[in-house]
Each structure stands twice: as C-alpha cells, then as structure tokens.
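Welcome to my notebook. I jotted down what I looked up, one entry at a time, so follow along with the picture open.

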Amino acid sequence: MSTSGAASMNARPVVRRRHPHLARALPYLLSMPALLTCIGILVPFAMAVWYSLERYNLAFPSTRGFIWFGNYISLFKDADFWNTIIISMAYTVLTVGLELLLGLGIALLLWRRSLVTNVLSVVLILPLMVAPAIASMMWKLMTNANFGILSYFVSLLGFHDFKWASAPQSAMFTVVLVDMWVYTPFITILLLAGLRGLPRQPFEAAELDGVPSSFVFFRIMLPMLLPYILTAGLFRMLDSIQQFDIIYSMTQGGPGDTLMVFQVQAYTQAFIFTNIGRASAILMVLWLITYVLSNVFVKNWLRLRERARGGV
Amino acid sequence: MAFLEISGLNKSFKDHKVIHDLSIDLEKGEFLAVFGPSGCGKTVFLRLIAGMMPADSGDIVIDGQSVIDANPEDRDIGMAFQNYALYPHMTAFNNIASPLRSRHVTAAEVTARVNETARMLRIDHVLDHLPKALSQGQKQRTALARSLVGRPSVVLLDDPLRNVDAKIRYEMRFELPRVLRRYESTVIYVTQDYKEAMALGDRVAVLVDGAFSQAAAPREIYDMPSTMRIARLFGDPPINLLPVHPITGAAGTEMTVAGGTVRLPADRAALSGRECMFGIRSENVVVSLQPTDGIPMTLDAITPVNNRLVMLLGGNEGTELFASCPQGGPMDRLRGRHNAWITLDLAHAHFFDGSNGARI
Amino acid sequence: MATLYLDNVSKVYDGAPDRAVDSLSMHIEDGEIVALLGSSGCGKTTSLRMVAGLESITEGEIRVGNRVVNALRPAQRNVAMAFETYALYPPLLVRENIAFGLLRDRVASAEIDKQVKQIAAMLEITDLLDRYPPSISGGAQQRVSLARALIRNAAVHLLDEPMSQLEPQLRALLRARIKDYIIAHKMTTVVVTHDQTEAIALADRIAVMEKGLLQQFATPHDLQDRPANLFVASFIGEPPMNLFPAMVQDGKVAVLNEKQEVAFHMPLTVSGATGKFSDGKRIVVGVRPHRVHLAPSEQVEGTTLVGEVTSNHWLGDQCQVGFQVRGCHLIAVGGRDVHAPMGSQVPVAISSEAVRVFDADSGVAIEQGADTTASLVA
Amino acid sequence: MNVKSVLRAVALTVIGLFFLFPLFWVVLMSFMTNADILRNPPSPFFSPTLHNYIALVSGELHTNVGTQKVTYMLNLFNSTVLSAFAVILSLILGVPAAYAFARYKFRLGEDMAFTLLSFRFAPPLLILLPLLMIFQSMGLYDTYFGLVWVYQLITLPLVLWIVRGYFEDVSEDIELAYRLDGHSWLSTFFRISIPLARPGIAAAALLSFIFAWNNFIFALILGSSGVQPVTVGAFAFVTASGIEYGQVAAALVFSIVPTLVLAMFTQRYLVEGLSLGAIKG
C-alpha cells in the first residue's frame with residue numbers, strides 16, 4: 001500500500017470557506033438572462049394595456065389621447081365585436097370538441113402496439129409538424145374551385161359547386177376541418193402517451209376479478225385518463241380561441257366577416273383600419289379569457305407534470 | 001478532543017424541524033451505525049455533514065477544523081450512496097478515479113491506487129465497464145471503492161446494502177469491517193435495518209425526530225433501551241408492549257396481562273400504582289401447549305423466522321403477544337390454532353413511563 | 001379451496017432465446033401454502049401469471065381442482081391475486097377497491113360490508129377505507145391489495161411479493177395474522193417472493209427457482225438442512241451455508257483454502273464403496289452456520305478446529321461470528337451470550353452429521369449427512 | 001370478433017388516408033404541369049416534371065405573361081437563420097435557468113417560469129403591436145436580430161420546461177458525489193449535469209427549431225420581404241397573381257420537408273415536448 005501518498009493527502013490543508021452570498025445568489029445569476037427576457041415581454045404587455053385605454057389611430061395621430069375604457073365600451077356596444085366573440089367561441093367549441101372525440105377514439109384504436117399502429121402513430125406526427133399556415137394553404141389548393149381534388153371528390157358525391165371556404169355557409173366547416181387535420185394528432189399523441197403510461201396491473205386485476213368491461217372503461221380507465229384529457233383539451237382550447245394562422249391564410253377572416261375571430265379581427269383593426277387603440281382593446285379581452293383558461297390549465301398541467309416526474 | 005465533533009446541529013424547512021439540536025462525537029477509526037426509521041431525518045443529516053445544504057446553526061469539526069462553512073469539495077469526506085450515484089457516462093475505473101483526479105495526483109499513481117482499491121473489493125476485472133453493465137453487487141462495490149480511494153477523513157455510508165440481494169448483503173456485512181479497518185476510516189453508516197446497525201456498529205446511534213435519542217453499544221441498546229420507541233425499533237418480532245397498572249396487595253405487587261395476573265419481583269414494587277407500559281421480548285415469553293399455571297391464550301399462528309419459531313398469541317380483549325423459541329423442538333410441525341399457556345420471564349422485562357415512554 | 005397442479009409448464013416469450021419457465025411441475029394440495037422463491041428474473045412471477053391466465057402457457061398443463069385451465073380466460077379460472085405493484089384502481093375508494101372483487105359473486109351488500117370491515121381490521125386499514133389509493137402510503141396500498149385478494153372466495157389465491165413494502169414494525173404481526181387467516185379459511189395459496197424470511201415464515205413448502213428451472217421443492221426445514229444443490233445451499237439461510245472446495249484424500253475429506261492448500265479435514269471418512277469418492281476427487285462441502293458449534297462445552301462427535309475471530313455481529317437474540325481457519329473463512333451462529341472477541345482464538349466444532357457434500361462440477365448434492373450414511377462413515 | 005377486427009381495419013385505413021392524403025396530393029401536384037393540375041377528372045397518373053422546383057431554385061418563374069422574379073430561396077434561407085439563431089439563443093438563456101429552476105427552490109424562479117409559460121399562451125398580437133412600434137423606433141423592424149429575439153417567446157418556454165424536467169431527473173446524489181470527490185460546482189455542472197441532461201437538451205433544441213420554423217404571425221408583422229421566412233413567403237406566393245399552382249405546391253413542399261425530417265429525429269421526445277414536459281412519451 002502506498003502509504004506515502006496517503007499521508008500526503010491526509011495532511012489537511014486549511015479548509016477553504018465558501019462564500020455564502022455567492023451560493024445564495026447562484027440561482028439568480030443562472031436565471032438572470034432568462035429574467036431579462038421575461039422583463040422584455042412585460043414591457044410591451046404594459047404598453048398594450050396603455051394603448052387599449054387610448055384613442056389611438058395611426059391615420060389620425062393628432063387625436064391620440066387617454067380615454068379610460070372608451071374603447072371597451074364602444075366594443076361592447078358593437079355588433080361586430082359580439083359577432084367576433086360568438087364566432088371565436090363556436091370555432092373553439094367545434095374544434096376542441098371534435099378533436100377530443102376523434103383524438104380519443106384514434107388513441108384507443110392505436111393503444112395496442114403492432115406494426116400498423118406504430119406506423120400510424122408516425123403518420124400522425126406529420127400534419128402536426130406542418131406549419132398551420134402552410135397546412136391551410138395546402139387545403140386551399142385542394143379545395144380550389146377549378147382543380148381542387150377535394151372539390152372533385154365532393155362533386156362525385158353530388159355536391160356540385162361546393163364552395164368550401166369561399167362561401168359563408170361552408171367557410172366555418174372548412175377551417176374547422178383544416179384545424180382538425182393539423183391538431184387532432186396533437187390530442188391523439190398526448191392521449192396515446194397517457195394511455196400507454198397507465199399501469200397495466202389494475203386492468204389485469206379487473207380482468208382477474210371479472211369486473212364488467214363497461215365498468216372498467218367508465219369507472220377506471222376514463223378517470224385515470226382524465227388529467228391527460230383535460231391537459232390536452234385545455235392546451236387546444238388556449239390555441240383555438242386565438243387561432244390566427246389557419247384562418248388568416250385561408251380567408252383573411254372572410255367571406256365578409258364570417259370568420260372574424262379575435263386575432264383576425266384585431267389584425268384587421270390594426271392594419272386595415274390602423275386603429276391601434278381598438279385592436280389593443282380587443283386583444284385585452286382575448287387576453288383576459290386566455291389568462292383565466294391558462295390558470296386552470298397550469299394547475300392541471302402541474303399536477304400531471306408532478307406525476308410524470310414522480311413516476312407514479 | 002474527538003476526531004469528528006458534531007455539536008448542536010439544527011435544520012428546519014419552513015416550520016418543520018428536521019434536525020433538532022443533534023450532537024455526537026466520533027473517535028478516529030470509529031464505526032458509528034446510525035439507525036432510524038424512514039422519515040427520521042437521515043437524508044438531511046447526511047447532507048448537512050456532506051455540505052450539500054447549510055445548517056441553521058451548530059458546528060461540525062473534523063480533526064480540529066470547523067468545516068461547517070466549507071463547500072462539499074473542501075470537506076475531505078467520502079460518501080457511498082444507497083442508489084450508488086455512479087456517473088453513468090464514465091467507466092468503473094473513472095468513477096473510482098474521480099476523487100483522485102481532483103487532487104492533482106499523477107496518472108501513474110491514480111492507476112495504482114484505483115487498482116489497489118478495486119482489487120481489495122474484488123472488482124478489478126470490471127474496471128472498464130460502464131455502470132449499466134455492472135451487477136448490483138459490483139455497482140455497490142464500485143461506489144464503495146470511490147468513497148474510500150481518496151482516503152478521506154470521514155466516510156459516510158448511506159444504507160449501501162439496501163438495494164443488494166440477501167447473499168451479497170451477508171457477504172458485505174462480513175467483508176466491510178475488514179476493508180474499512182484497513183483504510184483506518186472513521187465511518188458514519190446509516191441504515192434502516194436494525195440488525196445491520198447492531199452487526200456493524202461499534203456504537204449504534206438511534207436517530208428519532210431529528211436527534212440521537214440514544215447512542216451506545218449494540219448490547220446496551222437492545223438490553224436497556226432508553227425509551228419505549230427505541231425498544232420497539234430493535235427486535236424481530238418487535239417487543240411486546242402492553243399497558244399495565246401494577247398494584248401492591250397482600251400477595252405482593254401484581255399486574256394484569258392478557259387477562260391473567262402476574263406477580264412482579266420484589267424489586268419492582270416501586271411501580272405500584274403507576275400507569276406504565278410493560279415491555280417483554282418474544283424470547284422471554286415461554287409457551288406451553290399443556291395446561292400450566294400460566295396465562296391461557298390461543299396460539300394463532302407460527303411463523304419461523306431465522307431459526308426461531310415466532311408465535312402469535314391471542315388473548316381476551318384482543319391482546320396480541322409474540323413469543324419465540326428456538327427451532328428444533330416439538331412445535332416445529334404445528335399448524336393452525338391451538339390452546340396455549342404462557343409464562344413471562346420477568347427478569348428481562350422492561351417498564352416504560354405511560355405518558356412519556358421513558359425507561360423506568 | 002382446490003388443488004393446483006402444474007405439469008411440465010413452460011413459457012417462451014416471443015423472440016426470447018431462453019425459456020422464462022422451463023418444465024415446471026408442482027402439485028399443490030388443497031389448503032396448502034406454497035412459496036415460489038427466487039431472485040428477480042428467475043421465472044417465479046411468470047409462473048404465477050400463467051396460473052392467473054395473464055400470460056399464455058407455451059407448453060404443459062395447469063389444473064385447478066379437476067379443471068384444465070390452459071384455455072380459460074382469467075375471470076373464468078376463479079383465482080384471486082395480489083399484485084406486486086398493488087394494481088389498485090386509483091379512481092375508486094379503498095373500500096370500493098376491496099369490495100370490487102366481490103361484485104361478480106353477487107354477494108349481498110350488507111355481507112360485503114361486514115367482510116370488508118373484518119379484513120380491514122385484520123390488515124390495519126380500517127381508517128383508510130374512505131381514502132383514495134394514491135393518497136395513502138405504499139405500505140398501506142400493499143395492505144389494501146392484499147385485502148382485495150384475500151377477501152375473495154377463490155379456488156386459488158396468488159400473492160405476488162405481498163409484504164415487500166410493509167412497514168417493518170407491522171411485518172411480523174401481519175405475517176402471522178395472514179397466515180392464521182389463510183389456514184383458518186383453508187385457502188390454497190401461492191406466494192411469490194424474493195425474500196426467504198417471508199417464504200420460510202409463511203409457507204408449508206417452498207419452491208426455489210433460478211433461471212426458469214425449479215431447483216428444489218421442499219419444506220423450509222429440508223431446504224435449509226438438505227439443499228439439493230449448490231445454488232440452493234448458497235441462496236437459503238441467514239447467513240447462507242458455509243461452502244468450501246474440498247478434495248478426497250486418503251479416504252478423508254480435505255478442505256482447501258484460497259491457495260489450494262489443505263486447511264483442515266472434515267469429520268467424514270469416505271468408504272469409497274460406491275466409487276463416487278475416488279481419491280483426488282474434487283467436491284464441495286457445506287455446513288450451516290447454525291450447526292457450527294461455537295465454543296463447545298461438551299465433546300461433539302466430529303472435528304474441533306481453532307479459528308481466529310474476524311467479526312462478531314451481535315444481534316440481540318443471537319450472534320453471528322466470522323472467523324478464519326488457515327485461510328478459510330467461516331461463519332457460525334450462536335446464542336446471544338457467546339463470548340468471542342475480535343482477534344481471539346476460539347475453538348469451534350463441526351459434527352459429522354452436519355456436513356453436506358456436493359459434486360464440484362454439477363453442484364448436485366451427493367450425500368445429505370447422517371440420514372444417508374451408506375457411503376459415508378462418520 | 002371478426003366483425004370487430006374488420007371495423008378496426010376500416011377505421012385505421014380511413015384515419016391513415018385522412019391524415020396522409022393532403023401531404024401526398026400536394027407532393028404530387030408539385031411535380032405536375034399546370035395542364036395536369038387543371039385536368040378534369042384529376043388523375044394521379046401523369047408524367048412528372050421538375051420544372052416547378054427548378055423555377056423556385058433559380059428564382060425565375062416563366063409564365064404565359066412573362067418572366068417573374070421570386071425570392072423563395074431567400075425565404076428558405078431566412079427561415080433557417082431565424083430558427084437556428086432562435087434555438088441557440090434560447091439554449092444559452094434557457095439551459096442555465098432551467099438548471100436553477102430544477103435545483104433550487106426560489107420564489108422568483110417559479111414566478112419567472114410561470115410568466116414565461118403564461119405568455120406562451122397569451123395572444124401573440126397583443127405583444128406584437130407594441131413591439132412593432134418599439135422596433136420601428138429602434139430600427140429593429142425587419143432585422144434578423146429583432147425577429148430572433150421575439151422568437152424566444154415560443155422557444156424559451158419550451159427549452160426551459162423540457163430541460164428543467166431532464167435536470168430534475170438527474171439525481172442530486174450524483175452531483176453531490178462528484179462534488180465530494182473534490183470537484184467545484186462549475187466543473188460538476190459541465191461534467192455531470194449537462195452531459196446527463198443532453199438528450200433533453202437535444203430534444204428541446206430540435207423541437208424549438210421546428211416550432212420557430214413553423215411560426216407565421218411574428219414575421220408577418222415584424223418583418224417585410226427582407227427577413228421573411230417560408231411561412232410568410234408562401235402566403236405571399238399563394239395570394240400573388242400569375243403564379244402557377246404547381247409552383248405553389250412545390251413551395252409548400254419546400255417549406256414542410258425540413259420540419260418533417262427533423263420530426264423523425266424528435267419522435268421519441270415529441271410527447272414530452274408537446275406537453276412541455278408534463279407527459280412522458
């Protein structure tokens with residue numbers, strides 16, 4: 001045994017003290033850059049709040065001035081704005097509802113692993129990775145009145161001259177369809193992970209104890225999946241209520257104001273009518289809605305996250 | 001002056017006191033086994049010594065120098081973890097070499113010392129493996145080697161035998177003292193297994209509610225537990241504890257146990273009139289299947305444990321009592337319920353205060 | 001409630017080169033408690049799952065009572081099971097979890113209530129009945145899962161690592177209560193465990209498995225005293241059997257140390273009549289630590305050695321002493337008052353009937369001590 | 001049983017068709033001449049041509065009304081630059097912060113993590129309008145620098161929450177062990193924590209890249225032709241007159257191929273990324 005080396009190492013040097021302040025400041029130092037970004041977001045946010053309380057139209061710079069809740073009051077007296085609220089809600093409920101149902105159904109179909117389901121789960125990733133704006137344009141090509149392949153298909157079914165997004169009657173249907181194409185996989189993928197992450201043993205126990213399958217589905221499986229369904233649903237709801245890319249690149253809110261959802265309406269107010277004050281007020285209303293939703297969401301999401309980390 | 005002095009250590013999280021005025025001294029080369037039930041604060045205790053979290057107050061002095069303000073890397077402490085905490089991206093060799101690499105030891109000496117330690121722990125043939133290619137036992141030995149190779153002043157062993165199977169556990173139980181003695185290490189060994197604590201420790205310190213409620217040689221803790229709680233922690237099956245109320249009458253001092261009357265020895269007369277807990281270990285409860293003048297009970301089940309027959313007896317009013325006797329007698333082949341009569345060996349009885357659980 | 005017979009049962013998983021379970025045969029009698037003991041991956045859980053119907057049977061036949069159950073679905077087999085991972089239904093109350101298994105038997109609800117209360121009291125979970133499983137500790141969840149299995153009136157009860165997570169202070173008590181309950185209800189029970197303490201405490205017979213193969217199926221006593229091979233000998237016992245490489249030399253058994261020198265002789269004389277013990281034959285001899293006499297007071301028929309004490313573990317009701325005899329390490333278990341300080345020289349005795357002999361190549365037990373002295377003369 | 005599996009097969013086929021057909025058809029269109037596209041009834045059988053792609057790459061579209069310049073290659077380049085720098089910047093900002101949030105419990109940390117998260121869900125236009133004013137006055141409008149900075153809004157929360165999860169999975173004991181071996185905090189961070197969280201960092205980087213690439217609204221508002229990425233470029237393309245549909249299709253294909261390829265690499269981490277670390281895949 002090399003006792004000489006041991007002896008030299010055991011000759012203890014004077015112990016270095018730590019810098020208690022440095023240790024305490026470390027987390028702050030590490031997160032400082034991200035913190036600055038955080039502040040960087042809060043500044044324009046504060047400005048937006050300010051704009052929404054101003055009479056502020058780029059075309060009439062001289063009339064700019066603080067008007068308290070003037071923008072909000074005029075908004076809520078305006079039928080157009082109510083139209084926006086109704087359309088946004090309709091869009092949200094339709095997309096989230098249909099996508100949840102379809103997504104859960106597909107997830108259940110893909111639950112059992114096999115070659116086919118594995119291939120399909122990869123296929124499902126593809127639409128999700130396409131930029132929503134691009135997806136919208138793809139569908140625009142397919143629904144073109146002259147050469148769109150989908151227009152041709154529906155004409156085979158007897159719907160000649162089906163106008164898709166360019167007719168007020170079918171515009172909503174069309175954008176919801178595109179939204180479903182892009183985002184159903186999102187729900188499916190999350191629920192599938194949830195399903196596959198469920199412990200197998202409780203289901204085996206139920207099988208062993210002869211528990212009826214409807215009981216297993218409604219009283220055991222669905223409740224166990226509920227946090228995943230809620231998280232996926234809220235995630236989508238938060239996106240859907242502020243949908244812009246798909247609708248704007250498909251119809252710019254038209255035809256007429258059929259698809260004037262919140263952000264498209266605000267965009268139009270800001271960049272067509274140059275009314276920054278009014279646009280900001282619309283966006284503040286939307287922000288309030290998403291803020292409430294995101295609080296519900298974050299609670300749910302945290303619980304789920306904790307569970308994933310805890311490995312239960 | 002002791003080699004390692006821990007004095008008045010405190011640590012709270014919010015309002016919860018995890019370590020509460022904890023003090024203990026260790027001599028150089030001493031092996032202290034710290035035993036505590038889960039949730040007793042052992043993780044925090046180890047982290048305070050290792051320097052991973054600051055203590056609220058108190059001091060830790062190693063070989064005359066306070067290390068309470070030092071960073072972990074400056075404390076000269078080696079530690080082996082319950083889950084091994086091997087670096088998954090480094091080979092066993094590099095894992096073990098890590099403490100040497102930080103100390104500017106020459107490459108040749110690193111190799112020499114890693115090999116020497118590995119040979120001693122019989123893992124020299126797997127030094128080029130990544131941790132994931134090691135068996136549980138090898139991982140555990142690698143972790144141990146890493147904690148010893150730098151010959152630190154103090155070695156902390158955090159339940160290192162918890163996750164290995166029974167065979168390796170016994171192997172290590174007999175081998176560990178040999179290795180540690182060779183390295184002349186001062187050791188704090190934390191475990192949740194009272195047998196391991198008693199087997200390995202020169203002294204056993206019982207960590208309850210963030211402080212050492214008793215620190216003594218294994219024999220003393222087992223035979224003279226200072227509180228009821230400690231008594232219950234040592235022994236398998238656990239010690240029988242029954243509330244009693246001894247009364248002195250014409251026939252001497254008597255108490256009621258499981259519906260029967262038991263006369264106490266004369267030197268216990270002072271217990272008369274006191275509400276207390278009567279503790280008796282299973283090996284001091286004698287069972288007979290033939291009627292005796294003992295207390296009648298039913299023998300509910302016999303579970304052989306480590307070459308002894310452990311018997312669960314049921315009495316009236318739901319009293320349950322453990323008795324045990326060496327295997328190899330007539331009761332070896334019994335099954336199911338039987339009538340039984342028990343006698344208590346009061347020479348080995350313990351009495352604890354009914355309200356605070358202190359030994360009487 | 002019923003017999004459970006396994007005849008040459010094998011399991012091969014898709015794509016796996018080896019058999020997870022290899023021709024396992026066990027006849028378990030009505031009301032018997034059997035433990036399947038082995039380390040992880042030995043095939044014990046797979047065997048249990050095949051009985052339950054959660055795993056298909058590749059070869060062989062499983063019978064519950066008179067019924068071959070190979071083709072039956074789990075629900076049709078009338079078996080109850082406690083899972084290692086508890087397998088509780090998180091969305092249901094503890095009470096509902098326990099009662100769920102009685103649903104299909106159409107037991108009256110008042111009766112269910114009574115039974116749930118009874119079993120909850122036995123397993124100390126009465127206070128938890130109206131909680132949800134995720135909100136209670138792992139040990140408590142395990143007790144709930146045990147309650148759910150034990151409450152059922154099934155032909156066979158399967159318990160997979162049923163006590164691995166129990167709180168140490170409760171373990172001895174619950175173990176005894178559960179054994180009492182099982183015997184009182186005449187339940188045929190198979191317990192899978194990696195913990196020999198558990199197996200020995202509970203079981204009438206123990207099946208030791210390793211690498212998918214049944215190593216020995218015997219009573220706890222026989223398993224400890226007469227292990228069928230070296231695997232069982234080194235696996236069973238706390239601490240396990242002392243095993244030494246040895247050699248037959250002039251009709252005597254010479255124990256070799258690490259340097260292949262003769263350390264001492266075992267108290268056996270080999271007659272050589274059967275030819276198993278030709279001179280120079282390599283064997284392995286074993287002695288249970290419990291049968292090594294420490295500081296013998298009276299004369300033991302056998303060998304007395306003097307060893308240096310290298311460790312002394314005092315455990316309260318016993319002590320385990322390690323010592324060294326000419327380079328051989330050996331462990332002895334003695335009473336709590338044995339005096340053997342570290343470094344001292346202590347006499348130890350090994351009686352001839354305690355010695356077990358194994359073939360060095362195959363590991364199979366050759367002779368099992370005094371009962372079969374045909375070729376061994378003390 | 002049989003009926004069930006037939007139904008299952010039909011359902012799976014319909015699902016596969018619904019999600020795959022649009023991609024398939026657009027790819028097909030990108031190889032068609034205008035005449036093929038306008039043929040009625042449409043047919044998947046035609047003689048494929050590369051001229052749509054050639055036109056896009058060369059930047060010159062020859063149509064019946066004349067030759068037109070397009071800058072689609074510039075858009076592709078912009079997308080690459082913007083996404084790449086956004087990812088690099090968020091890793092530099094996000095990884096240390098993620099470590100701090102994972103290891104130290106401090107109020108400000110939680111607050112920041114949630115502020116960033118909640119702005120991930122706030123309407124982007126709300127921030128973009130004032131930013132447009134700020135950018136115009138600071139000369140950041142239509143610059144890579146300005147846009148990259150804004151892209152942090154999407155990529156930083158992603159990096160933060162995914163990487164944080166991975167750091168939380170690195171056992172604190174391993175770090176403590178390394179420090180007890182005598183190594184400083186900094187060397188522990190670089191030799192132990194970062195290598196062990198590497199898969200998470202890689203996943204976060206890939207996903208951030210994809211999400212940055214797919215963004216539409218930021219560049220629509222804060223940039224003009226100079227820095228616009230493919231999403232906005234394609235939109236201009238679709239609405240412009242005189243451009244052949246085959247070329248539009250080719251442009252769309254160009255813009256989606258990179259993300260689809262990257263997606264194949266991130267498959268394993270996708271669930272974790274999409275749920276910001278709440279669900280493990």
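**Entry 1: domains of chain C.** I am working with a predicted model. I looked up how chain C is split, and found domain 1 (4-229) and domain 2 (242-377). I then checked the spacing: the C-alpha centres of domain 1 of chain C and domain 2 of chain C are 38 Å apart. Next I asked how many residues of each domain are in contact. Five residues of domain 1 of chain C meet seven residues of domain 2 of chain C. On the domain 1 side of that contact in chain C, I noted two nonpolar, two polar and one charged residues.

**Entry 2: a helix in chain A.** Is helix H6 (residues 132-142) of chain A enclosed or open, and why? I found 11 of the 11 residues buried, so helix H6 of chain A is largely enclosed by the rest of the structure. Among the buried residues I wrote down Trp139(A), Lys140(A) and Ser136(A).

**Entry 3: chains side by side.** Which chains share the most contacts? Of the five pairs of chains in contact, it is chains A and D. Chain D brings 77 residues to this contact, and chain A brings 74 residues. I traced the largest share of the chain D side, 13 residues, to helix H13 (residues 245-274) of chain D. Sorting the chain D side by class, I got 59 nonpolar, 15 polar and three charged residues.

**Entry 4: a pair that stays apart.** I also looked at chain C and chain D, which do not touch. The nearest C-alpha atoms of chain C and chain D are 15 Å apart.

Conventions
Residues are numbered from 1 along each chain as its sequence is written. Chains are lettered from A and ligands numbered from 1 in the order in which they are written. This is a predicted model: local features need pLDDT of at least 70, side-chain atom pairs count only at pLDDT 80 or more; totals for chains, interfaces and linings use all residues. Domain bounds come from an automatic or database domain assignment. Two residues are in contact if their C-beta atoms, placed from the backbone, lie within 7 Å. Ala, Val, Leu, Ile, Met, Phe, Trp, Tyr, Cys and Pro count as nonpolar, Asp, Glu, Lys and Arg as charged, and the others, Gly among them, as polar. A residue is buried if 20 or more other C-beta atoms lie within 10 Å of its own, exposed if 12 or fewer, and partly exposed in between; C-beta atoms are placed from the backbone. Helices (H or I, at least four residues) and strands (E, at least two) are DSSP runs, numbered from the N terminus.
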